[in-house]
Structures are given as C-alpha cells and as structure tokens.
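Visitor: I should be grateful for a close look at one part of this molecule, the stretch that carries a domain annotation in the UniProt record. Please then place that part in the setting of the chain and its ligand.

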Amino acid sequence: MFATLSDRLTSTFKNLRTKGRLSEADIDATVREIRRALLDADVAVPVVRSFAAAVRERALSSEVSGALNPAQQVVKIVNDELVTILGGQNRPLTLAKNPPTVIMLAGLQGAGKTTLAGKLALHLKGQGHTPLLVAADLQRPNAVTQLQVVGERAGVPVFAPHPGNQGHDDVLPSGADPVAVSREGLATARAKQHDVVIVDTAGRLGVDAELMAQAGRIRDAVDPDEVLFVIDAMIGQDAVATAQAFADGVGFTGVVLSKLDGDARGGAALSVASVTGRPILFASTGEKLTDFEVFHPDRMASRILDMGDVLTLIEQAEKAFDAEQAEKMAGKLASGEDFTLADFLVQMQQLRNMGSIKKMFGMLPGMGQMREALDNFDEREVDRIEAIIRSMTPAERETPKIINGSRRSRIALGSGTTATDVNQLLDRFDGAQKMMKQMARTGGVPGMGNLPG
Ligand code: GDP
C-alpha cells in the first residue's frame with residue numbers, strides 16, 4: 001500500500017535536493033507535485049487542500065530559508081504534516097476502570113471486522129488480558145462460524161447464540177436477536193470474569209439506515225468503551241463517505257485500517273482520521289492473525305516517505321524472538337562453536353514468526369528504491385530451504401561435510417527439490433558459517449556498511 005504515493009513523494013524530494021537554495025517558485029512547484037501525488041493516491045480533496053496550504057506556508061517561512069539544508073527541511077515539514085493528518089500521536093485503546101472493557105466493531109460487510117476481532121483478541125491476550133469474543137453478526141450466514149474459527153486460532157473463547165446450534169448458524173432460528181446476543185455476551189463476560197469483550201457486529205454491502213439503527217441498538221445495549229470503525233483501505237474514494245456515514249449514524253471512537261497489505265492507492269484511508277476527527281488505533285495487514293499492528297502516525301508517515309519503520313520492525317522482532325534461544329545462540333557463537341544447519345533452521349523459524357519476510361524488508365529505510373527486487377522476492381524460496389534442511393538427518397545438519405552424492409540425492413528427493421538446489425544451499429551455508437566465525441572473532445557484522453539508509 002502507498003507504494004505509488006511513496007515513489008512520487010520521494011522523487012519530488014530528489015529533485016529538490018539538487019538545489020542549494022529554494023526560491024518561492026521551487027517551493028510552489030514542489031507543493032504542486034505533492035498535491036498531485038496525494039490526489040492521485042485518492043487522498044480526500046479537503047485534506048489535500050489543507051495539507052498543501054500548511055506545507056507551503058511553513059516552507060516559505062524562515063524555518064526553511066534559515067535551515068542548513070533547505071531541501072531536508074521541506075521533507076521534515078511534509079513528514080510533520082503527514083503525521084498530523086494521520087492523527088498526530090498514537091492513541092492507545094481505552095480500557096475501562098471497571099472491567100470488562102467493551103469494544104464494539106462496526107463497518108461494512110467485508111471490511112475485515114471478524115478477522116480483526118481475532119487479531120485484536122490475540123493482541124490483547126498477548127498483553128495479559130482475557131478477552132471474550134461475542135458473535136453478534138447474525139446477518140451473514142457464516143459469520144458466527146467464522147468468528148468461532150478465528151477465536152479458536154487465537155485461543156480465545158467465543159460467545160455465540162444458541163450453543164446447541166454451533167457450526168450450523170446458517171439455520172439460526174428466526175428471531176435470533178443481535179442486541180440480545182450482545183447483552184448476554186456481556187453478562188457472560190462479567191460472570192466468567194473476562195476483562196475485555198469484543199463484539200463483532202453485522203455489516204451490509206452499503207450504508208443503510210437499518211444497519212445503522214441495529215448498530216445503534218447494540219451500542220446502547222452494551223455501552224461500549226470503544227466503538228472501532230473498521231475500514232477496508234482498498235475501497236478507495238468511498239472510504240471517506242462511508243466513514244462519515246458511520247460517524248453520523250453510529251458514532252465511533254476510533255478507526256482500524258484493514259487490508260493495508262493491498263496495492264490499491266489507499267489515500268482515502270489516510271484521510272479518514274482527518275475527516276472524522278477520530279484516531280486510527282490499529283492497522284490490519286493480511287489474512288493471518290499476526291498481520292496486525294498498533295497504528296503509529298509518525299511511523300506510517302516515515303514509511304510513506306521511505307524513511308523506514310525500524311521501530312515497528314524491532315517490536316515485531318521482540319515479539320517473535322525467543323530471548324532464551326537468542327542468548328543461547330549468542331553464547332554459542334561467542335565461544336567459537338560452529339553455527340550449524342540445525343541452528344539455521346531455528347533462526348529461520350524465528351524469522352518466520354515475525355511474518356512475511358517481504359513485509360519486514362519493506363520496513364527498512366530506503367527500500368522504496370529496491371521495490372522491484374523486493375517484489376521479485378519469492379517467499380517460497382524460504383519454504384524450499386526449510387524443506388531441504390528438514391530432509392537431512394541430525395548428523396547431516398551438524399556436519400554438512402558428510403553429505404556425499406547419495407545423501408544429496410536422498411535429500412533432494414525428500415524435499416522435492418533437485419541435487420543442484422541442495423548444493424546451492426550447502427555452498428551458501430558454508431559462506432554464512434564462515435561469516436559467523438568472523439563475526440564471533442571481530443565482534444562486528446561484516447558487510448553491514450553496504451546497507452542503505
Ligand atoms: P467482515 O465482513 O467485516 O467481518 O470481514 P471479514 O473479517 O470476513 O473479512 C473479509 C475478507 O477480507 C476475508 O476474506 C478476510 O480474510 C479478508 N481480510 C480481512 N482483513 C484483511 C487484511 O488485513 N488483509 C487482507 N489481504 N485481507 C483481509
């Protein structure tokens with residue numbers, strides 16, 4: 001998401017960098033390009049207008065003319081203003097003083113509410129909360145089952161109507177009432193001492209009065225601490241109108257941007273906070289439960305301006321990495337022991353726990369210029385490497401030198417690869433092992449000087 005916008009903005013700045021001083025004409029030309037880039041990315045017109053005016057005003061002030069590096073100062077201004085339209089600072093979830101905290105999800109059908117319910121539950125569980133999911137979407141035939149599946153994956157219980165009827169919610173008796181279900185769900189959470197309740201509500205294909213009325217009744221019944229409006233970032237220009245309709249019809253306290261992994265223009269989603277005056281709390285970036293991030297306006301701005309989002313990367317690494325494992329590995333390397341293929345497998349799995357490797361690289365600064373290489377990166381390559389190592393015996397993983405011709409054929413057969421693939425991996429591993437040894441000796445990482453940024 002935002003790749004085109006990001007490319008357009010960074011190339012605008014590149015032109016600026018060749019100039020020492022900036023004339024008013026230079027600034028006007030830059031602002032014009034920024035305005036066009038934002039409009040082409042579907043950012044809402046009033047948002048673009050105020051954004052451009054703010055950038056222009058600041059760029060013409062002494063803030064820029066007096067700066068050591070005027071071009072850089074303009075980038076900083078654009079960054080600041082982007083942060084502002086994205087809502088300024090991150091706003092954490094409001095937790096009730098007297099639990100349970102009630103979170104209600106609202107949005108159109110297909111926006112990603114049910115998926116988000118699972119992601120949010122998993123996220124909160126990771127912070128030590130004990131969430132309960134409540135299935136109050138009785139509109140869509142499969143919604144209850146879907147929430148149950150998501151709940152199971154997240155390891156979080158689900159309150160659904162008619163327990164005897166689980167898995168067959170497509171034949172729910174008529175009269176099943178989402179308001180009653182929400183109320184019962186909340187009562188159950190109180191009784192079973194869940195400290196957070198997440199209520200998944202029904203959506204429609206478009207905004208309609210009945211949908212709004214139903215959401216309003218559920219809201220009145222459960223008196224939520226947060227109403228999170230989930231918006232599909234791929235729906236383009238409609239996002240702003242939809243958000244406005246929900247803001248007027250139900251009211252919401254925060255926004256969740258979903259499907260940020262898509263390659264639509266996405267600028268409309270960037271306008272939602274600014275247009276509705278409600279902060280973006282979270283972002284959803286894929287179909288897996290772990291494809292979920294706390295939304296930080298400054299980090300998102302930084303990603304859009306291709307300055308990277310190293311903080312999010314580090315946080316995801318911290319979540320995924322097993323500290324004990326890492327320490328053991330560090331100790332092993334420091335003592336000069338060999339880094340083996342078995343260790344490599346463990347490392348690769350930890351990397352995997354962080355999610356898509358492509359997505360991770362995308363958070364590094366300057367990666368915009370390497371987008372093509374990144375787009376060509378095939379995640380299946382990692383699957384192949386893993387399959388090859390898994391087809392080896394423990395002795396082979398420990399001492400790859402013993403892998404002769406017949407062992408090689410066996411490994412290739414077992415992993416569904418070729419002897420050449422196995423050879424390539426062993427050669428590359430040999431190189432990596434040497435590098436590890438050198439690192440252990442010198443205490444540094446060789447070749448890191450080449451990294452961009
Ligand atoms: P709901 O109708 O609002 O409950 O939406 P769902 O949670 O059922 O999501 C609709 C579809 O979008 C499903 O196929 C989800 O797997 C998919 N989906 C949800 N969130 C994301 C996301 O962040 N990225 C992508 N690529 N797909 C998503």
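Guide: **The annotated stretch and its setting**

The UniProt annotation "domain: SRP54-type proteins GTP-binding", which comes from an unreviewed entry, covers residues 279-292. The model examined here is a predicted one. In it, the C-alpha atoms at the two ends of residues 279-292 lie 17 Å apart. Strand accounts for 43% of this span, and helix for 0%.

The ligand provides the next point of reference. Ser284 is among the residues closest to the ligand, together with Gly112, Lys113, Thr114 and Thr115. Altogether, 18 residues surround the ligand. Helix α6, which spans residues 113-126, supplies the largest share of this shell, namely 3 residues. By character, the shell consists of 12 polar residues, 5 charged residues and 1 nonpolar residue.

Three backbone details elsewhere in the chain also merit attention. As a general background, most peptide bonds are trans, and most residues other than glycine have a negative phi. The peptide bond that leads from Pro99 to Pro100 is cis, its omega being near 5°. Pro100 itself belongs to the loop between α5 (70-85) and β1 (101-106).

The second detail concerns Gln193, a residue other than glycine whose phi is positive, near 60°. Gln193 is situated in the loop that runs between α8 (178-191) and β4 (196-201). Is Gln193 buried or exposed? Gln193 is exposed, because 10 other C-beta atoms lie within 10 Å, and a residue counts as exposed when that number is 12 or fewer.

The third detail is found at Asp223, which is likewise a residue other than glycine with a positive phi, here near 45°. The loop between α9 (209-222) and β5 (226-232) is where Asp223 is placed. Asp223 is exposed, since 10 other C-beta atoms are found within 10 Å.

Finally, the chain as a whole may be considered. The 453 residues of the chain include a buried portion of 37%. The secondary structure comprises 21 helices and 8 strands. Of the contacts between residues at least 6 apart in sequence, 75% join residues that are at least 24 apart.

To return to the part requested, residues 279-292 form a span with 43% strand and 0% helix, and Ser284 is one of the residues closest to the ligand.

Definitions and conventions:
Residues numbered from 1 in each chain as written. Predicted model: local features only at pLDDT ≥ 70, side-chain atom pairs only at ≥ 80, totals over all residues. Helix = DSSP H or I, 4+ residues; strand = E, 2+ residues; numbered from the N terminus. Buried ≥ 20, exposed ≤ 12 C-beta atoms within 10 Å, placed from the backbone. UniProt positions renumbered as here; feature names shortened; annotations may be inferred. Near = placed C-beta within 6 Å. Nonpolar A, V, L, I, M, F, W, Y, C, P; charged D, E, K, R; others polar. Contact = placed C-beta atoms within 7 Å.
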